[in-house]
Structures are given as C-alpha cells and as structure tokens.
Amino acid sequence: MSLKKENFITLGIETSCDETSVSVVKDGRKILSNTIFSQIKQHAKFGGVVPEIASRQHLEAISHVTQQALEEASIDFDDVDLIAVTNGPGLIGALLVGVSYAKGLAYALNKPLIGVNHIEGHIFANFLESDFAPPFLCLVVSGGHSHLVYVKDFGKYEVMGQTVDDAAGEAFDKVARALGLGYPGGPLIDKAARHGNDSAISFPVAHLKGGELNFSFSGIKTAVLNYLNRQRQKGEPIVVEDVAASFQKAVVDALVENTLKAAKMKNVKTIALAGGVAANSRLRQELANRAGRDFHVKFPPLILCTDNAAMIACAGYYRYLMGNKSDMTLTPYANLKLF
Ligand code: KG4
Ligand code: ZN
C-alpha cells in the first residue's frame, strides 16, 4: 500500500498508564518533538502504578506537556492537521484524561480527531525515523501486553499468540519487587542480571498445550517467589543477580522461541520488537543471535519502546490516511482489542 501525505502534522497524545506524553510528528514518521513526563517517582513508593494517582497526575501535566511539545517542534496549534489520542487499552481514568483533552482540542480548533489502540501504537514505533514497512512479525511485550502479531500490511493484523495470564513486563515488575529492586522492575532486573549467572537456578516457563504460540508467565513468577521463600526458610543466601539472570533467561527464551516459530510459520523475512520489554538487552541480543541470517531483526530505539506519544501520532496518521476518523463520541476502553 502506498500511503503518504506531505507536510502533514499530527499531534499525538498518550496517557494510558504512567507517562503523560505529547508529540509532534511530520508526515507520520519524522519526530519534531516527543515530550514525555514520567510519573515513576510518584508511583515508586507504592511499588507499582496507583490508578487514581496516575489520573490526577495526567490532569495536572497534560496542558504543560502539550505546550512544551509544540514549542520544541516550533509550531503552534494552527499548524496541526490531525489530533491522535490513545483510547485503550490502559487504565480507564488515565485514558479518560487524554481522550477528553484531545476531544476538547479537536472541537475548539476544528481539527480532525483519531482514536488509536495503544498496542498498535507500540507496533508503529518501528516506523518512526525509518522507512520500515510491512509485512513483518512483531513481538509486542510491555507491562500490560504480550502479543505475537503478524503485521500483513498497515492496519492488517493477525494475533498469533498472547499471554494467558501475566504480561511479560508484569512478571519483570513483580519479580523485581520480590527481590527488593524497586519499580519499574524491568530495567532493574536487566541491570542486575548483567552481573549474575543465568544458569544458577532453573526457572522453567510453562509450555502451553493447544495454543502453542501463547505465553504464560504467572508460573515462573510463582517459582521465583517459592525459591525466595525456601532460601529464607533454610537460612541460605539469595544472590539477587543470579535470581535476576536466571529469571530473565527463562522469560527471554520463551519469548524468542515462540517468536521464531511464528516467523517461520508466516515465512516472513523480518521480525520487529515493540513495547517496554523490547528495551531488554538480553531479549534484543538473544533474538538477534538466534535469528541469525534467517531473519532481519528490527528494534525501535529505547525511548520509543516504552510509552510515548510519537508512536500514537504515527499510528494515527496511517489510520487517518486509511480513511478512519473519530468524532466527539470517542470513548476510552480499558480492554480495547487490536481489532
Ligand atoms: O510499554 P510500556 O512503557 O508500558 C505499557 O504499555 O505497559 O512498558 C512498561 C514495561 C514495564 O513492565 C517495565 O518493567 C518493562 O516495560 N521494561 C523492561 C525494560 N524496560 C522497561 N522490561 C525488561 N527489561 C527492560 N530493560
Ligand atoms: Zn505501552
């Protein structure tokens, strides 16, 4: 499909979880600004995201973050051609802030509005600042999702596998909390694991009967918690780095195995990663190694793996060019599906 609109400015808005982000993207792919206000500090003392606090923080930050994004891009509201906003999946109160703000802007400025699926946004992070295009197989792994998606074309997806319980990032966050590493756990486990022995402890990841490309991460989380309890009861030491490395190895092996299996099934040449867990150094390395010469592997830059509004602007631009448009009835959905 050949899709293009020249000198077209999209304002992206993302408030689905704990990052208030607004971005200005030109022609769907060129980032003019990508302002991200992280609420991590506000949530860290509670060991995870507190939905009520997230909503309030978004409300306080959204107009400042928007002003900053416009200033950094050296544009003003009149230059905007399209407003794209995440309308799910995510925390309902948090989504509501972004959607209400976007609707207010679209109405006041008389600009078109488009609602974007957050998971689709993560996939589209791969198109930013590049000429990358479908078809490809995408592993979307974040704090709330673990999906294996065959991207046939822009907006044409087949979900080949997904988690049946915890998302990969959720498992990283819960294990990090049990290890006393803090929040968010993914980057902290990634760091600790660099100094650990990944075969010190065997933490198997469940293989599912039936949907063979599905994932299950709640078993490994329980296995880690049981191991920690046993060590404490026996009065034996816990080497945090070894636990982190062994846990990370098991999760990454399961992700890479299913991803390669799905890529072979679809006979694609390219595999892309997306979502916060795509920032994991071992996942990036292991996928690249095991893909070898059979597949080209594409990773978004780290800042575009975790939540940001540039990916929402990119997905919104392509959706709009495909003829989609939202109106003032746009509503956030906590469990919005990819199709
Ligand atoms: O995409 P994202 O920013 O938000 C969601 O849509 O959920 O992903 C956040 C998740 C968190 O669970 C965080 O721990 C995880 O991504 N994460 C990582 C790494 N960086 C972020 N997990 C493993 N290794 C990392 N380096
Ligand atoms: Zn996300």
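Domain bounds in what follows come from an automatic or database domain assignment. In this predicted model, the protein is divided into domain 1, formed by residues 9-128 together with 304-321, and domain 2, formed by residues 136-299. The C-alpha centres of domain 1 and domain 2 are separated by 27 Å.

The interface of the two domains was examined next. Contacts link 20 residues of domain 1 to 24 residues of domain 2. About 1,700 Å² is buried between domain 1 and domain 2, and carbon and sulfur atoms account for 71% of this area. On the side of domain 1, Ile123, Asn126 and Cys305 contribute 36% of the area buried against domain 2, more than any other three residues. Zero salt bridges are found across the interface of domain 1 and domain 2, whereas five residue pairs, both members at pLDDT 80 or more, are in polar contact there.

Several helices contribute to this surface. At least two residues of the side of domain 1 that touches domain 2 are supplied by each of helix H1 (40-44), helix H4 (118-124) and helix H11 (310-321). H4 provides the largest share, namely six residues. Classified by residue type, the side of domain 1 that touches domain 2 comprises 10 nonpolar, six polar and four charged residues.

Helix H4 also carries donors of a metal site. The zinc ion (ligand 2) is coordinated by NE2 of His118, NE2 of His122 and OD of Asp307, at 2.0 to 2.1 Å. The spacing of these donor residues in sequence is H-x3-H-x184-D. Because His118 and His122 are four residues apart in helix H4, about one helical turn separates them.

An equivalent description applies to a salt-bridged pair in helix H2. Arg56 forms a salt bridge with Glu52, in which the closest N and O atoms are 3.2 Å apart. Arg56 and Glu52 are four residues apart in helix H2 (residues 51-72) and are therefore separated by about one helical turn. The count of salt bridges comes to 11, with zero across the interface of domain 1 and domain 2.

Backbone geometry was considered last. Most residues other than glycine have a negative phi, and most peptide bonds are trans. Against this background, two cis peptide bonds and one positive phi angle are described here. Pro134 and Pro135 are joined by a cis peptide bond with omega of about 5°. Pro135 lies in the loop between H4 and strand S6 (136-141). The peptide bond from Tyr183 to Pro184 is likewise cis, with omega near -10°. Pro184 is placed in the loop between helix H5 (168-178) and helix H6 (185-193). Asp27, although not a glycine, has a positive phi of about 50°. The position of Asp27 is in the loop between strand S2 (19-26) and strand S3 (30-38).

How values were computed. Residues are numbered from 1 along each chain as its sequence is written. Chains are lettered from A and ligands numbered from 1 in the order in which they are written. This is a predicted model: local features need pLDDT of at least 70, side-chain atom pairs count only at pLDDT 80 or more; totals for chains, interfaces and linings use all residues. Side-chain values use heavy atoms; hydrogens and water are left out. Contact means heavy atoms within 4.5 Å. Buried area is the accessible area (1.4 Å probe) that two parts lose on being put together, summed over both. A salt bridge is a side-chain nitrogen of Lys or Arg within 4 Å of a carboxyl oxygen of Asp or Glu. A polar contact is a pair of N or O atoms within 3.5 Å; within protein, one must be able to donate a hydrogen and the other to accept it, and residues adjacent in sequence count only if both atoms are side-chain atoms. Ala, Val, Leu, Ile, Met, Phe, Trp, Tyr, Cys and Pro count as nonpolar, Asp, Glu, Lys and Arg as charged, and the others, Gly among them, as polar. Donors are N, O and S atoms within 2.8 Å of the metal (3.2 Å for Na, K and Ca); water is not among the atoms, so sites may look incomplete.
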